[in-house]
Amino acid sequence: MDDKAPLVQFLGLTFNVTNLISITVVMLITFFLIFWLSRKPAIKPSGKQNFLEWIIDFTNNIVGSSLPNSTGQGLRLLAFVLFMVIFVGNQIGLIFQVKVGDFTYLKSPTADPIVTMTLALVMVVLAHFLGVGKLGFPKYFKNAYLSPYAWMFPLNVIESITSFLTLGLRLFGNIMAGEVLLNLLGSIAFPHGTLASISWLGFIPALAGEVIWQGFSVFIGSVQAYVFVTLAMVYVSEKTIVEEL
């Protein structure tokens with residue numbers, strides 16, 4: 001992708017303005033979406049309340065399949081919020097992409113590896129933190145790195161690193177690839193990025209391709225939100241549950 005992000009310096013740190021704006025927009029959309037869905041709850045749910053309860057049951061089942069214990073009970077809200085934020089973050093770039101000059105100011109934040117790797121790092125650190133808290137450090141260390149046999153310590157260390165990398169890079173790769181293809185189709189219809197440069201020979205097939213690919217990208221974005229939350233819960237279970245041999 002040829003996207004350029006404006007950078008600002010603050011207290012010696014460099015901040016990516018595109019990510020700051022995109023993440024803020026995703027948080028606001030997610031908040032107001034859940035706020036709207038949760039208005040006027042009724043004993044006999046219908047419409048938007050049914051939809052919200054379906055999402056909650058869906059994420060609760062993800063947690064319950066890996067963590068059917070008290071640890072899982074405490075992670076249900078996190079799984080719900082994580083799923084909603086990633087889902088909205090995956091879709092926003094399909095609807096809105098704001099570019100001014102050479103800089104992009106709004107896109108899917110999950111199309112940036114810094115964002116997805118940060119999410120993965122948070123979940124991996126949380127898994128280890130919960131493991132130490134529940135099992136105590138000696139038992140956690142034995143379960144995480146010396147199980148089922150002590151000689152597997154190097155392999156378990158490598159697995160921990162690759163789990164972190166694959167969790168973040170899988171999400172980034174899928175969303176970034178979708179946005180690259182959409183930009184490519186847009187460049188076919190508008191070779192120079194303006195209405196005056198429209199190429200009618202390429203516009204119609206590019207428009208058809210955009211419609212088809214956007215529909216498929218909605219599916220991919222939904223699946224990737226599900227996969228991220230599922231794998232995060234699996235990693236937590238691996239660090240907090242001792243398997244009996």
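Contact here means heavy atoms within 4.5 Å. Keep that cut-off in mind for the whole tour. The model is predicted, so local features need pLDDT of at least 70 and side-chain atom pairs count only at pLDDT 80 or more, while totals for chains, interfaces and linings use all residues. Residues are numbered from 1 along each chain as its sequence is written, and side-chain values use heavy atoms, with hydrogens and water left out.

**The whole chain**

Start zoomed out. The C-alpha trace of the protein chain spans about 70 × 50 × 40 Å along its principal axes. Colour by secondary structure and you should find 7 helices and 4 strands, in the order β-β-α-α-α-β-β-α-α-α-α from the N terminus. These elements are DSSP runs numbered from the N terminus: helices are H or I with at least four residues, strands are E with at least two.

Now colour 1-39 and 46-241 separately: these are domain 1 and domain 2, with bounds from an automatic or database domain assignment. Their centres, taken over C-alpha atoms, are 16 Å apart. Across the boundary, 23 residues of domain 1 are in contact with 24 residues of domain 2.

**A stop at Leu-11**

Select Leu-11, in the loop between strand E1 (7-10) and strand E2 (13-16). Leu-11 is not a glycine, yet its phi is positive, at about 55 degrees. For background, most residues other than glycine have a negative phi.

**H1 against H3**

Next, show helix H1 (residues 17-37) together with H3; their axes come within 9 Å and cross at roughly 120 degrees. Axes are lines fitted to C-alpha atoms, for helices over the stretch in contact, and angles run from 0 to 180 degrees between N-to-C directions. H1 and H3 are therefore oblique to each other; under 35 degrees would count as roughly parallel, over 145 as roughly antiparallel, 65 to 115 as roughly perpendicular, and the rest is oblique. The crossing of H1 and H3 is right-handed, a term for the near helix being turned clockwise from the far one by less than a right angle (left-handed if anticlockwise).

Turn on side chains: on the H1 side you meet Val-25, Val-26, Met-27, Ile-29, Thr-30, Leu-33 and Ile-34, and they touch Phe-80, Met-84, Val-85, Val-88, Gly-89 and Ile-92 in H3. By class, this contact of H1 with H3 has 11 nonpolar, 2 polar and no charged residues. (Nonpolar is Ala, Val, Leu, Ile, Met, Phe, Trp, Tyr, Cys and Pro; charged is Asp, Glu, Lys and Arg; the others, Gly among them, are polar.)

**H2 against H3**

Keep H3 (residues 70-95) on screen and add helix H2 (residues 47-66): the two pack at about 125 degrees, with their axes 9 Å apart. This crossing of H2 and H3 is right-handed. Among the H2 residues in the contact are Leu-52, Phe-58 and Asn-60, and H3 contributes residues including Arg-76, Phe-80 and Phe-83. The residues of the contact of H2 with H3 divide into 10 nonpolar, 3 polar and 1 charged.

**H3 against H4**

Swap H2 for helix H4 (residues 113-135), whose axis comes within 14 Å of that of H3, crossing at roughly 180 degrees. That makes H3 roughly antiparallel to H4. Thr-71, Leu-75, Leu-78, Leu-82 and Ile-86 in H3 meet Leu-119, Met-123, Leu-126, Leu-130 and Lys-134 in H4.

**Annotated spans**

The unreviewed UniProt entry annotates "transmembrane region" for several spans, including 20-38 and 116-137. Residues 20-38 are 95% helix and 0% strand, with end C-alpha atoms 27 Å apart. For residues 116-137, the end C-alpha atoms lie 28 Å apart.

**Last stop**

Where does Pro-148 lie? Look in the loop between helix H5 (137-145) and helix H6 (153-189). The peptide bond from Ser-147 to Pro-148 is cis, with omega near 0 degrees.

Technical notes:
UniProt positions are given in the numbering used here, feature names are shortened, and annotations may be inferred rather than shown by experiment.
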